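Here's a walk through some sheets, a cavity and a few backbone details. Have a look at the model first.

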Amino acid sequence: MSPHPLVQAWSRPVRQREAAITLLMGAPVLLVAAVMAWRLAGQMAGLPVLLIGLASLILIAWRRTQRFDGGWLIRALNGARADLEDSSELLFSDPAALGPLQRLQQARIHARVDALALPDLRKPWPHWWIALLWIAGLAICAALILLPDRHGADTLAPSTEAAATIPGVPHLVGQRLRIVPPAYTGLPARDLDLLDAKAPQGSRLIWTLAFAPEPTGASLAVLGGRPLALRRSGDRWSAVTILDASMLYRIMPAGARAQARPHRIEAIPDQPPAVSARTPARTLSIAATGQRAWPLVFEATDDYGVAPQAELTLTVAAGEGENVSFREHRMTLRGSGPARQRRFATTLDLAALGFTGPGDLVAQLTVRDGRAPSPQVTRSPSLILRRLPPAASEGTGIDGALRATLPAYLRSQRQVIIDAEALIRQRRSLSADQFRKRSLAIGDDQSALRLRYAQFLGGENEVHGAELPTSDAPTATVGKEEDVLGDFGHKHDEGEAATLFDPETRSRLTQAVDQMWQSEGALRSGDPARALPFANRALVLIKQVQQATRVFLAKVGSDLPPIDESRRMTGKRDDIAPSDPGLTALPTDRDAAAAWAAIDGAPGAKPDFAALTRWFQGNRQRLADPLAWADAMDGLRRDPGCQPCRVRLRELLWPALRRPPVAPARRAGSGDSGARYLDALAQGTGR
């Protein structure tokens, strides 16, 4: 419903005055903020602050004018004109909706308003406040503009170059390095008087240099990268770049006769967040009778800060045998505490999640750090709340304990399938490298599960060096206090003697392990779609193993095959596997040998820089300090006769060489008594 025309006409001057006062008083504050942003971060920051501030100021002025509506006008007229007899509301009422006395009073009020002009309802101008704000604002802006630029026009630090100066040849006389870390780190910008530094990866580096005499041009020669051109502004030379990786560089003014020493800037990579479970203290918890809630507390730490929100994934596995069903729930948790060490806590309602019968409730927290534009993601250890079936609590003896324990081993294959399907759905949103790493992590899970099942078949444990895909700590057993198999079953015995299954069930478990092997191979090659059929087939076989009628431990010795008497004393060793498999020799590190030969040349001889460069580019990850290698190789390239450079390269190369396989030690000699004994034997046999 539109307001009365008189309300609009009489309140318009009041609104205009209020908007003008708001704009005049807010403008100097906005101007100071824009100039300050310009001085601190440059024009690219000052202009957005000015535009955003102006829009905000206009919005504030409009909001302040909205309070001058019809109700305010009635109250203002009644307070300013006593002759209106508190009946100003009748001025804006429809005569058809009024009674006879109200229409009479309305006519009297209209006559009085027409006879005497309305008072000025506008707010008086706050002249002194407006003048004070403008004077203070202009003074602050002038000070910010006229104040010398601390980062541009001040005196530079003296040069630390050790090269000898030659009259008339440009050389470095002043230097400063400004480091602006990424915004997500929360670290302040800093100025260094040195040209060597350590900075967070992704920092903005700003060099400000001065030369004498002035060269015609200058650049920063980056070892192994593209040079950075220095731009001149007055008597200052500057360059800007983003620190994506550690670098070695050298300052190169045009006309310089000697090369200065290289400077080193080391990039500090952002570490992924770490997540640990505080409550409960154990990975596996057994639900108590009548338990309705499950408290969870996680702690996440990061070098720069953890995102304030995290995602809690809950998987409910209910039922037994073929009737096992899986449901997944997701919750968003808000952390508490400082950004670098946040705690995420919640209490789960088991009934609301549908976790009322036998089964498992698995909880896992996914946290992110603040790295931009691609935050790093870490998953917490999986916490399991298990509700045992009634039959498990009624069992007696070792057989009943085994029946309650086996599901802890035979339920994780479904999680591998869930992770693989989720990864396939997210393929378009992930880069090729991220997709491959996620697939490799799921392959590690599949490998760990396959090794657990292989133990039931009498297989040996394999040793893996791959990292876990979560921040779980390595565990020695699975099932914790319920791991009766690990306590009472043999893991390194003959297959038939160590088995816990009847022959038919054991055959199915063998097939399941084979399918897991195929699934693991596809996942490690970065193809989860090809791994799904094998993983699903393994799950079907595992469910069949769950339905085994009996799980038993062998109580007698294994049945060995009968001895073939016809082969006795013949010396034939056909179809007999060698008892000593021998040692597998490591492949020869030919590139390292070529690099060593190139370094270990005659003093003054020019080394094979092609071999050195080829080995360095292909084995950077094997070197503890790649920048030190590049620095030493650069020194040897500039001076082939530099013997300290050769020694330094050998010291850096030696720890990166592959160690030779351990050879068997020679047996000690027979000694004096043994020699006499052997001599006596030789004399007795006539040799």
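## Two cis prolines

P213 is found in the loop between β5 and β6, and the peptide bond from A212 to P213 is cis, with omega near -15°. Strands here are DSSP runs of E with at least two residues, helices are runs of H or I with at least four residues, and both are numbered from the N terminus. A second cis peptide bond joins T279 and P280, this time with omega about 0°. P280 has its place in the loop between β12 and β13 (284-286). For background, most peptide bonds are trans.

## Ground rules

This is a predicted model, so local features need pLDDT of at least 70 and side-chain atom pairs count only at pLDDT 80 or more, while totals for chains, interfaces and linings use all residues. Residues are numbered from 1 along each chain as its sequence is written, and side-chain values use heavy atoms, with hydrogens and water left out.

## Around β9 and the five-stranded sheet

Two strands pair if DSSP finds at least two bridges between them. By that rule β5 (residues 204-212) runs antiparallel to β9 (residues 236-242), with six bridges joining them; W207 has A239 in β9 as its bridge partner. β9 also pairs with β8 (residues 231-233), again in the antiparallel sense, over three bridges. There, R232 is matched with W237 in β9. The hairpin of β8 and β9 has two residues between the strands, and G234 takes a positive phi near 70° in it. Most residues other than glycine have a negative phi.

Next comes an open sheet of five strands, in the order β4-β11-β10-β6-β7, with mixed pairing. β4 (197-200) and β7 (228-229) are its edge strands, each with a single partner, so one side of each has no neighbour in the sheet. β7 pairs with β6 (residues 218-222) in the antiparallel sense over two bridges, and L228 in β7 is the bridge partner of L220.

## The three-stranded sheet

Another open sheet has three strands in the order β12-β14-β17, with antiparallel pairing. Its edges are β12 (274-279) and β17 (341-349); each has a single partner strand, so one side of each is left without a neighbour in the sheet. From one strand to the next the twist averages 25° (axes are lines fitted to C-alpha atoms, for helices over the stretch in contact, and angles run from 0 to 180 degrees between N-to-C directions).

β14 (residues 293-301) and β17 run antiparallel and are joined by nine bridges. If you want a spot to zoom in on, P295 stands opposite T347 in β17.

## β18 and its partners

How many of the residues of β18 are buried? Eight of the ten in this strand (residues 359-368) are, so β18 is largely enclosed by the rest of the structure. Buried means under 20% relative accessible area, exposed over 50%, and partly exposed in between, using a 1.4 Å probe and protein chains only.

β18 has several antiparallel pairings to look at. Eight bridges join it to β15 (residues 309-318), where L312 stands opposite L365 in β18. With β20 (residues 383-387) β18 pairs over five bridges, and A363 has L383 in β20 as its bridge partner. With β19 (residues 377-379) there are three bridges, and V367 is matched with T378 in β19.

## A buried aspartate

D634 lies in helix α16 (residues 626-638). At 12% relative accessibility, D634 counts as buried. Its side chain is joined to that of R250 by a polar contact of 2.4 Å. A polar contact is a pair of N or O atoms within 3.5 Å; within protein, one must be able to donate a hydrogen and the other to accept it, and residues adjacent in sequence count only if both atoms are side-chain atoms.

## The second largest cavity

A search of the whole structure turns up two cavities of 30 Å³ or more. A cavity is a set of points on a 1 Å grid over the protein atoms alone where a 1.4 Å probe fits but cannot get out, and lining residues have an atom within 4 Å of a point. Grid points are joined across faces, edges and corners, and a volume is the space filled by probe spheres set on the points.

The second largest cavity holds about 30 Å³ of space. Its lining has seven nonpolar, two polar and no charged residues (Ala, Val, Leu, Ile, Met, Phe, Trp, Tyr, Cys and Pro count as nonpolar, Asp, Glu, Lys and Arg as charged, and the others, Gly among them, as polar). α8 (413-425), α12 (503-524) and α13 (528-546) each supply at least two lining residues, with α13 giving the most, four. Among the lining residues are V416, Q446, S519 and L532.

Key:
On a 1 Å grid over the protein atoms alone, a cavity is a set of points where a 1.4 Å probe fits but cannot get out, and a pocket is an open set with protein on both sides within 12 Å along at least five of seven lines; lining residues have an atom within 4 Å of a point.
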